[in-house]
Amino acid sequence: MSALADGAAMAALASAAVAAFAAFLFARAALHKGWDFTAFTGFVQDYALLPERLVKPASAALIGAEGAVVGLMLLPGGRAFGLILAAALVALYAVGMGVNLARGRRHVECGCGGAVQPITPALLVRNATLAGLFLLGAALPAVGLGLAETLAVLAAALIAFAGYVMADQLLSNAAYLVRREQGTH
């Protein structure tokens with residue numbers, strides 16, 4: 001196999017791993033939000049970006065879009081669009097966080113579907129990194145994978161997802177410690 005073919009194969013594996021990671025991430029987020037829809041609508045309302053009458057429909061649309069990301073990863077030919085949708089969603093969430101941070105509203109719960117944490121600039125960096133990763137995955141070639149490649153991709157995606165969950169918990173812990181030191185826990 002030539003170096004070019006090796007590079008193309010690695011790019012295809014990387015794209016598949018990013019897609020699988022996105023599927024795990026958005027499945028977790030959509031399930032978390034859907035299981036406690038009332039709490040999620042409260043988080044959306046706390047962002048103070050929408051009129052109250054639009055909060056529930058927008059919340060449902062966000063969960064639906066997150067589910068669509070997962071579904072697109074499972075459809076042949078859906079990976080690139082799903083990853084672009086994933087990037088758009090995390091960018092949209094970052095804009096909402098950024099607006100509230102600029103307003104000085106640091107008490108707003110992220111509502112990301114993981115560990116409880118108020119919005120912080122670190123979450124903006126996280127979302128920008130995720131958006132870049134998803135766009136890179138969308139730009140890489142998507143090819144059919146054999147069993148060995150599929151298992152390798154799933155293993156890589158699960159390891160990345162575990163790392164993401166750990167980093168998310170660290171961000172949550174850091175935010176809690178800051179609130180505790182400020183006496184606002």
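Student: How many residues does helix H4 have, and what does it reach from its first C-alpha to its last?

Tutor: This is a predicted model, in which local features need pLDDT of at least 70, side-chain atom pairs count only at pLDDT 80 or more, and totals for chains, interfaces and linings use all residues. Residues are numbered from 1 along each chain as its sequence is written, and side-chain values use heavy atoms, with hydrogens and water left out. Helices are DSSP runs of H or I with at least four residues, strands are runs of E with at least two, and both are numbered from the N terminus. Helix H4 covers residues 79-102, and at 1.5 Å a residue, times one less than the number of residues, the expected span is 34 Å; H4 has 24 residues and reaches 34 Å.

Student: Which residue follows H4 with a positive phi?

Tutor: H4 is the helix of residues 79-102. The phi of the residue in question is near 80°, and the residue is Gly-104.

Student: Which elements make up the chain, and in what order do they run?

Tutor: The chain holds 6 helices and 0 strands. From the N terminus on, the order is α-α-α-α-α-α.

Student: What is the radius of gyration of the chain, against that of a compact globule?

Tutor: The radius is taken over C-alpha atoms, and the globule rule is 2.2 Å times the number of residues to the power 0.38. The C-alpha trace spans about 60 × 35 × 25 Å along its principal axes. For 185 residues the rule gives a value near 16 Å, which agrees with the chain's 18 Å.

Student: What percentage of the contacts between residues at least 6 apart in sequence join residues at least 24 apart?

Tutor: A contact means heavy atoms within 4.5 Å. Among contacts in the chain between residues at least 6 apart, the share that joins residues at least 24 apart is 70%.

Student: Is Ser-15 buried or exposed, and which residues does Ser-15 touch?

Tutor: Buried means under 20% relative accessible area, exposed over 50%, and partly exposed in between, with a 1.4 Å probe and protein chains only. Ser-15 lies in helix H1, residues 3-35, and counts as buried because its relative accessible area is 0%. Leaving out residues up to four places away in sequence, Ser-15 touches Arg-79, Leu-83, Gly-137, Leu-140 and Pro-141.

Student: How far is Val-70 from Ala-86, C-alpha to C-alpha?

Tutor: Val-70 is found in helix H3 and counts as buried because its relative accessibility is 19%. Residues up to four places away in sequence aside, Val-70 touches Ala-23, Phe-26 and Ala-27. Val-70 and Ala-86 are 16 residues apart along the chain, and their C-alpha atoms are separated by 9.2 Å.

Student: What separates the C-alpha atoms of Ala-160 and Ala-86?

Tutor: Ala-160 is in helix H6, residues 147-182, and is partly exposed at a relative accessible area of 37%. Ala-160 and Ala-86 are 74 residues apart along the chain, and the separation of their C-alpha atoms is 16 Å.

Student: Which residue other than glycine has a positive phi near 55°?

Tutor: The residue sits in the loop between helix H2 (37-46) and helix H3 (52-74). Its relative accessibility is 40%, so the residue counts as partly exposed. The residue with this phi is Ala-48.
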